[in-house]
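Please walk through this structure with the text below, keeping the sequence and the coordinates side by side.

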Amino acid sequence: MEYVYAALLLHKLQKDVTEDNLRAVVSASGADVNEAQLKSLAAALADVDIREAIKAAPVAVAAAPAAEAAPAETKEEAPEEKKEEKSEETAMEGLSSLFG
């Protein structure tokens, strides 16, 4: 994960995402540098437009929290609906007692 963060940091600073730059950022963070992972990420990002990848990412990320939030909202609404139903029933009982 630290390699991806390093690549994003380099992109943000408008530096080239190269093996040497990635190595420098990861080692400066205090993490151990795994040469295989470093080379793999540098090769994978060689043909990737990071700006476009970042623009595309929020769509998928934003959908996940919305999907998780929906069930929570329905759970919260369910007790309120029951309370409303009970209060309506109670009100109807009260009205029926008035009319005998």
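The paragraphs below take up the nonpolar core, then the nonpolar surface patch, then the salt bridges. The model is predicted.

The interior comes first. The largest nonpolar core has nine residues in all: Tyr 3, Ala 6, Ala 7, Leu 10, Leu 22, Val 26, Leu 38, Leu 41 and Ala 42. Three elements give two or more residues to this core, namely H1, helix H2 (19-28) and helix H3 (35-44). H1 supplies the largest share, four residues. Because a core of this kind is a set of buried residues, and buried means under 20% relative accessible area, each of the nine core members, Leu 10 and Val 26 among them, falls under that limit.

Leu 10 can serve as a starting point for tracing the surroundings of a core residue. Leaving aside residues up to four places away in sequence, Leu 10 touches Lys 15, Asp 16, Val 17, Asn 21, Leu 22 and Val 25. One of these contacts, Leu 22, is itself listed in the core.

Now to the surface. Which residues make the nonpolar surface patch? Met 1, Val 4, Tyr 5, Leu 8 and Ile 54 form it, and the patch covers about 500 Å². Helix H1, residues 2-12, gives the most to this patch, with three residues. H1 therefore appears in two roles, as a contributor to the core and as a contributor to the patch, with the terms core and patch set apart by accessibility: under 20% for buried residues, over 30% for patch residues.

Two of the patch residues can be examined one by one. Tyr 5 is found in helix H1 and is exposed, its relative accessible area being 53%. Val 4 is found in helix H1 as well. At a relative accessible area of 39%, Val 4 counts as partly exposed. Both values pass the patch limit of over 30%, so Tyr 5 at 53% and Val 4 at 39% can belong to the patch. Val 4 also gives a distance to check in the coordinates: its C-alpha atom is separated by 9.8 Å from that of Val 26, which lies 22 residues apart along the chain.

The charged pairs are next. The structure holds three salt bridges. In one of them, the side chains of Asp 20 and Arg 23 meet with an N to O distance of 2.9 Å. These two residues are separated by about one helical turn, because they lie three residues apart in helix H2. Asp 20 counts as exposed at 54% relative accessibility, and Arg 23 is partly exposed with a relative accessible area of 24%.

Arg 23 has a further partner. Glu 35 forms a salt bridge with Arg 23, and the closest N and O atoms are 2.9 Å apart. This pair links distant parts of the chain, with Glu 35 in helix H3 and Arg 23 in helix H2, 12 residues apart. Glu 35 is partly exposed, at a relative accessible area of 34%.

The remaining pair to describe is Lys 55 and Glu 52, whose side chains meet in a salt bridge at 3.8 Å, N to O. They are three residues apart in helix H4 (residues 50-98), and so about one helical turn separates them. Lys 55 is exposed, with a relative accessible area of 53%, whereas Glu 52 is partly exposed at 43%. Through shared partners, salt bridges join Asp 20, Arg 23 and Glu 35 into one network.

Terms used:
Residues are numbered from 1 along each chain as its sequence is written. This is a predicted model: local features need pLDDT of at least 70, side-chain atom pairs count only at pLDDT 80 or more; totals for chains, interfaces and linings use all residues. Side-chain values use heavy atoms; hydrogens and water are left out. Patches are made of residues with over 30% relative accessible area and no salt bridge: like charges are joined within 9 Å, nonpolar side chains (Val, Leu, Ile, Met, Phe, Trp, Tyr) within 5 Å. Accessible areas come from the Shrake-Rupley method with a 1.4 Å probe; for residues, only the protein chains shown count as cover. A salt bridge is a side-chain nitrogen of Lys or Arg within 4 Å of a carboxyl oxygen of Asp or Glu. Buried means under 20% relative accessible area, exposed over 50%, partly exposed in between (1.4 Å probe, protein chains only). A nonpolar core is a set of buried Ala, Val, Leu, Ile, Met, Phe, Trp, Tyr and Cys residues joined through side-chain atoms within 4.5 Å. Contact means heavy atoms within 4.5 Å.
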